[in-house]
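This report looks at the pockets of the model below. Where do they lie, and what lines them?

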Amino acid sequence: SHYLMASLPRQFDLVVHGWAGSLVLAATVVELRGRVGRVVALATPGDFAVPSPLAQQALEAGGRFGSYGNDAEGARVFELLFAMGAKIRPPQLSALRSEAFVDLGATGAAHLLAWMKRGDLTLATGEALTRRLARYQLPTLQFLALADGWANAELCSTLREVTQARIELKTFSRFIAFPEDYSHLSLLHGERAPRDVWAHALEFLDREPR
């Protein structure tokens, strides 16, 4: 990690996604302090809880996400967690299901589930993640995906309440002319993501500092 930090430019912006994104936000407070300008967060929780009974069941079974492309039942669970109603071309969705995920393994899945159930995580420094996030204060654009079964909007919308940051929220809905409510994966790979997500992200990152 020290080598990676040394290889990064002195100043840069960040795009983070999902649960791992919460850890990256925490790192900007200490390990990356002074290095990051702006942050685009895609379905990144600010509050931590089990997102759904299905997610809990998947983690209790060992987080075998890399196996979801093997059978119809796995494909169904994959869609409900990561791609519900997603406007992703079928061949691309099939490839994502088969190749984009790896099995967490029993230990990794248990640790992630414990984080969700406890509502907090102890970092390697001994500090609680929630205490670290309370000091987070970078300008942030957060995209909320209403059809996200893995990092749902209820967990992610709280980021502006638990941090000191100036956070803009962008939400999609089929009821306000968007083609879908967006899911965990279609924020990245959806047919309209370049227009609905990335164009707004680039505009935010290109703004002059206030």
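## Two pockets and their linings

In the second largest pocket, α4 supplies the largest share of the lining, with four residues. The model is predicted. Both α4 (72-82) and α3 (53-60) contribute at least two residues each to this lining. The residues that line the second largest pocket are Leu54, Gln57, Ala58, Ala61, Arg64, Ser67, Tyr68, Asp71, Glu73, Gly74, Arg76 and Val77. Four of the lining residues are charged, three are polar and five are nonpolar. The charged group comprises Arg64, Asp71, Glu73 and Arg76. The volume of this pocket is about 260 Å³.

Now the largest pocket. Its space comes to about 400 Å³. A set of 17 residues lines the largest pocket. Nearest its centre lie Phe82, Phe101, Leu104, Trp150 and His184. Two elements, α2 (18-27) and α6 (105-118), give two or more residues to the lining of the largest pocket. Of the elements, α2 gives the most, with four residues.

Which classes make up the lining of the largest pocket? It has 14 nonpolar residues and three polar ones. No charged residue lines the largest pocket, whereas the lining of the second largest pocket has four.

The table sets the two pockets side by side.

| Pocket | Volume | Lining by class | Element giving the most |
|---|---|---|---|
| Largest pocket | about 400 Å³ | 14 nonpolar, three polar, no charged residues | α2, four residues |
| Second largest pocket | about 260 Å³ | five nonpolar, three polar, four charged residues | α4, four residues |

Technical notes. Residues are numbered from 1 along each chain as its sequence is written. This is a predicted model: local features need pLDDT of at least 70, side-chain atom pairs count only at pLDDT 80 or more; totals for chains, interfaces and linings use all residues. Side-chain values use heavy atoms; hydrogens and water are left out. On a 1 Å grid over the protein atoms alone, a cavity is a set of points where a 1.4 Å probe fits but cannot get out, and a pocket is an open set with protein on both sides within 12 Å along at least five of seven lines; lining residues have an atom within 4 Å of a point. Grid points are joined across faces, edges and corners, and a volume is the space filled by probe spheres set on the points.
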